[in-house]
Amino acid sequence: MGTLIVITTLPDPVLAEEIARTLIDQRLSACVSILGPCQSVYRWQGLIQASSEVPLLIKTTDEAYPAL
């Protein structure tokens, strides 16, 4: 059984905590680290965009990853 760290971002801290708690409750993750807000710059539909996001580090297993 391998361990994975999945990185994703959410638009705000409230949603980040809600998802983190759900992943722990459903046993899809052993631990979710909610990092501080960051500013992301990216290209979307041909334009350069910027937005504030909250990164999550989700610790999971190979077995749980498909359901995650």
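**Close-up views of a predicted protein chain**

**View 1. Secondary structure of the chain.** The protein chain holds 1 helix and 4 strands. The model is a predicted one. Read from the N terminus, the elements follow the order β-α-β-β-β. The C-alpha trace covers about 40 × 25 × 15 Å along its principal axes.

**View 2. The largest nonpolar core.** This core has 10 residues in all. Its members are Val 6, Leu 10, Ala 16, Ala 20, Leu 23, Leu 28, Val 32, Val 54, Leu 56 and Ile 58. Three elements each give two or more residues to the core: strand E1 (3-10), helix H1 (13-25) and strand E4 (47-61).

**View 3. Surroundings of Ala 20.** Ala 20 is one of the residues of the largest nonpolar core. With neighbours within four places in sequence left aside, Ala 20 is in contact with Val 32 and Ile 34. Of these partners, Val 32 is also listed in the core.

**View 4. Contacts along the sequence.** This view concerns contacts in the protein chain between residues at least 6 apart in sequence. Of these contacts, 56% join residues at least 24 apart.

**View 5. Surface and burial.** The protein chain has 68 residues, and 24% of them count as buried. Its accessible surface comes to about 4,900 Å². Carbon and sulfur atoms account for 57% of that surface.

**View 6. Charged side chains.** The protein chain carries 4 positive and 7 negative side chains. The centre of the positive set and the centre of the negative set lie 4 Å apart.

Notes: Residues numbered from 1 in each chain as written. Predicted model: local features only at pLDDT ≥ 70, side-chain atom pairs only at ≥ 80, totals over all residues. Heavy atoms only, no water. Buried < 20%, exposed > 50% of the residue type's maximum accessible area, 1.4 Å probe, protein only. Contact = heavy atoms within 4.5 Å. Areas by Shrake-Rupley, 256 points an atom, 1.4 Å probe, with all protein chains shown as cover. Lys, Arg positive; Asp, Glu negative; His and termini not counted. Charge placed at Lys NZ, Arg CZ, Asp CG, Glu CD. Core = buried A, V, L, I, M, F, W, Y, C linked by side-chain atoms within 4.5 Å.
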